[in-house]
Amino acid sequence: MISFLNKYREVAIASVFLIAALITQHAFSFQGQGYIYISLFVISYLFVGGPVWMKAYRSVKKGTLFSEFFLMGIATVGAFALGEYAEGVAVMLFYMIGEYAQHGAVTKARHSIQKLIEQQPDIATVERNGEAVNIHPDQVQVGDVIQVRPGEKVPLDGELLSEKASFNTAALTGESKPVNLTNGEEVWAGSINQDTLVRIRVTSGFKDTKLSHILEMVQEASQRKAPTQRFMTKFAKVYTPIVVWLAVAVTFVPYLFVEQYVFQDWFYKALVFLVVSCPCGLVISIPLGYFGGIGAASRNGILLKGSDYLDQLRKMNILFMDKTGTLTEGTFEVQSVITHNGLSEEEIIAYAASLEQYSTHPIGKAILAFKNGQQLFEVKEQQEVSGKGLKGFIDNKEVLVGNAELLKGSGVKIDEVHHSEPYTFVHVAIDGELAGTIRISDRVKEDSKQAIQQLREKGVQRLVMLSGDNPDVVSFVANELEINEAHGGLLPDQKYNLVEQALGKENTVGFIGDGVNDAPVITLADVGIAMGGIGSDSTIDTADVVIQTDQPSKVAKAIDISRFTHKVVWQNIGFALGIKVLVMGLASIGLASMWEAIFADVGVALIAIANAIRVQNKFSEGGSILDLFRQQNEVKEPDMAAASCCDAC
């Protein structure tokens, strides 16, 4: 109770003096000594009106005269001048209550982000000189080995050195299902170790972890405005001065047309008009709605870099999709090796692995994983042929490792065989002769088919799969997923051209991918979507939306959140403007008092804010930072100056 009173002391003290003033005014007869209860009204007013007048002063210093604070000040001082003391105090009192409600709503909307900030552990157990030493994670160097006990959070990204381990990654992905990793696989900071003590070799500094990147993206998202927000900001700047001059007109213009003009009556109507006109609830509830949508998306493993992209998602009618790592697992395995010209399977794999030894591509990793400890050759003059493969020299022999296009471009003859099985073929040529072919397979993700069905239901009219993989494999996967349009054997610039052709005013085009070669296309699309789990850093950096769970079905979820957010925002706009226009009309003809004005301002603001909070609550089922770490440190208060609608008034 004491902490509550401390937090809301201005409202609490003002309420006590207001009640005392009302009792004194109506319960006793002072016979000309009204200054007693008037003094109580003034004291009450100072506690809630003083902070508002200070904000009005700061707003005027910044060049903004027609702020909500100035409107409230004029209206309440006018009420006092007319002897309407209770109404003057009530306007400020209820306005302050609205400010507290607004503060609480913004705090709740930012709660999950603040929890994310506090998420990174402040202690890392690092192995130094044969001992386990506890230090701050920012002192750990890349290459150091850290230990993480069961139940502890991983402080830094790294490579698992233990044979196997299980981690809860819900803090990063929104998925509560534990992830089982084996030796050599990547572990993310923020994951929780489930079972036994594990050892991890650090691969990223404290400021370069996945968790840090997530935090940066969500913080940046809150600063970007959707078209609706930008419109309302501009609208408020025009709207507010107009209603001030209308209030002046309501006061003086009737003098020219009314026979029995009473200044006091029309001045009171103008004051009511001013109180009603403040666009506070409208201006704050719109960004709050979008902020709620961003927060709801992040709790479901979907990171949006701006509310404008949240707005774009609901309009997306064309979606281009990469295949490998997006609709398929992206975890390739060598199935078999076809040899030519007398070379053995081991020799073919050794040649291919030698060129792929520094590759980060899933196919290259699959070949390296299959070499079974074979000695690799020294490669000279190695170079990458974009979208085709690699070439280099081994023992003065030119070696090519890649797709059919690479070999054809170098004059190597290769049989044109149409395969019905979903294999990716990596060909190896030595000195202009085909030496062997490695057959590699990938698996379709569990939710890919469901994702395609849901996207069609959401109104995405055109779904297109693009891939640099073998056209036969692409066709096989497209048939399995019931995708009618698919293109295989594409180079990065060909993907780019196909997406560019679809762009236009009548379309909102999305692209979802994960590889480095997808980064240009993701940048080009109206909505660029990246797979955040296995996607490359450059792809994630250029994307507008990041799917942390690597589940394509999350795109449909993002569309749901986008549409619900848009619905709530326009509900607020319609409701707030409708009520304000109605009460302003009634006030101008004397049918609305200051009490109706208070409802039209503060009441509407509270209702609009409560409606905006629905966005956060509706999509809160997924595991999240907020849900997992509710008991962590206290939330720091957000900067209300940044959230206040006075900047838009």
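This is a conversation about a predicted model of a protein, moving from its overall make-up to some of its strands, helices and surface residues.

User: How many helices and strands are there in the protein?

Analyst: The secondary structure of this predicted model comes to 23 helices and 22 strands.

User: And what share of the residues count as buried?

Analyst: Of the 649 residues of the protein, 54% count as buried. As for the outside, the protein exposes about 29,600 Å², and carbon and sulfur atoms supply 53% of that area.

User: What about contacts between residues at least 6 apart in sequence, how many of those join residues at least 24 apart?

Analyst: Among the contacts between residues at least 6 apart in sequence, 68% join residues that are at least 24 apart.

User: Ok, let's look at a sheet. What is the strand order in the open sheet of 6 strands?

Analyst: The order is β2-β1-β3-β9-β4-β7, and the pairing is antiparallel. At the edges stand β2 (131–135) and β7 (186–187), each of which pairs on one side only.

User: How many bridges are there between β1 and β2?

Analyst: Strand β1, which covers residues 124–128, pairs with β2 in the antiparallel sense over 5 bridges, and one example of a bridge partner is N134 in β2, which is matched with T125. In general, strands of a sheet pair through backbone hydrogen bonds, either parallel or antiparallel.

User: Where does Q147 lie, then?

Analyst: Q147 lies in strand β3, which runs over residues 145–148.

User: Is Q147 buried or exposed?

Analyst: Q147 counts as buried because its relative accessibility is 18%, and the cut-off for buried is under 20%.

User: Which side chain does the side chain of Q147 make a polar contact with?

Analyst: The side chain of Q147 makes a polar contact with the side chain of E127, at 3.0 Å. If we leave aside its neighbours within four places in sequence, Q147 is in contact with T125, E127, A132, E152, L197, V198 and R199.

User: Switching topic, how many residues of strand β20 are buried?

Analyst: Strand β20 (residues 509–513) is mostly covered, with 5 of its 5 residues buried. In a regular strand the side chains alternate between the two faces of the sheet. In β20 both faces are covered, since V509, F511 and G513 on one side and G510 and I512 on the other are all buried.

User: Which strands does β20 pair with?

Analyst: β20 pairs in the parallel sense with strand β11 (residues 318–322) over 4 bridges, and it also pairs in the parallel sense with strand β21 (residues 527–531) over 4 bridges. Looking at single positions, M321 stands opposite I512 in β20, whereas G510 stands opposite V527 in β21.

User: Now a helix: which residues are buried in α13?

Analyst: In helix α13, which spans residues 362–370, the residues I363, G364, A366, I367 and L368 are buried. What covers them includes β12 (333–339), α12 (345–356), β16 (423–430) and β17 (433–441).

User: And what follows α13?

Analyst: α13 is followed by N372, whose phi is positive, near 55 degrees.

User: Last one, which residues form a nonpolar patch on the surface?

Analyst: V253, Y255, L256, F257 and V258 form a nonpolar patch there, and together they have about 560 Å² of accessible area. F257 lies in the loop between α8 (227–252) and α9 (263–277).

User: Why does F257 count as exposed?

Analyst: F257 counts as exposed because its relative accessibility is 67%, and the cut-off for exposed is over 50%.

Note on methods: Residues are numbered from 1 along each chain as its sequence is written. This is a predicted model: local features need pLDDT of at least 70, side-chain atom pairs count only at pLDDT 80 or more; totals for chains, interfaces and linings use all residues. Side-chain values use heavy atoms; hydrogens and water are left out. Helices (H or I, at least four residues) and strands (E, at least two) are DSSP runs, numbered from the N terminus. Buried means under 20% relative accessible area, exposed over 50%, partly exposed in between (1.4 Å probe, protein chains only). A polar contact is a pair of N or O atoms within 3.5 Å; within protein, one must be able to donate a hydrogen and the other to accept it, and residues adjacent in sequence count only if both atoms are side-chain atoms. Contact means heavy atoms within 4.5 Å. Two strands pair if DSSP finds at least two bridges between them. Patches are made of residues with over 30% relative accessible area and no salt bridge: like charges are joined within 9 Å, nonpolar side chains (Val, Leu, Ile, Met, Phe, Trp, Tyr) within 5 Å. Accessible areas come from the Shrake-Rupley method with a 1.4 Å probe; for residues, only the protein chains shown count as cover. A salt bridge is a side-chain nitrogen of Lys or Arg within 4 Å of a carboxyl oxygen of Asp or Glu.
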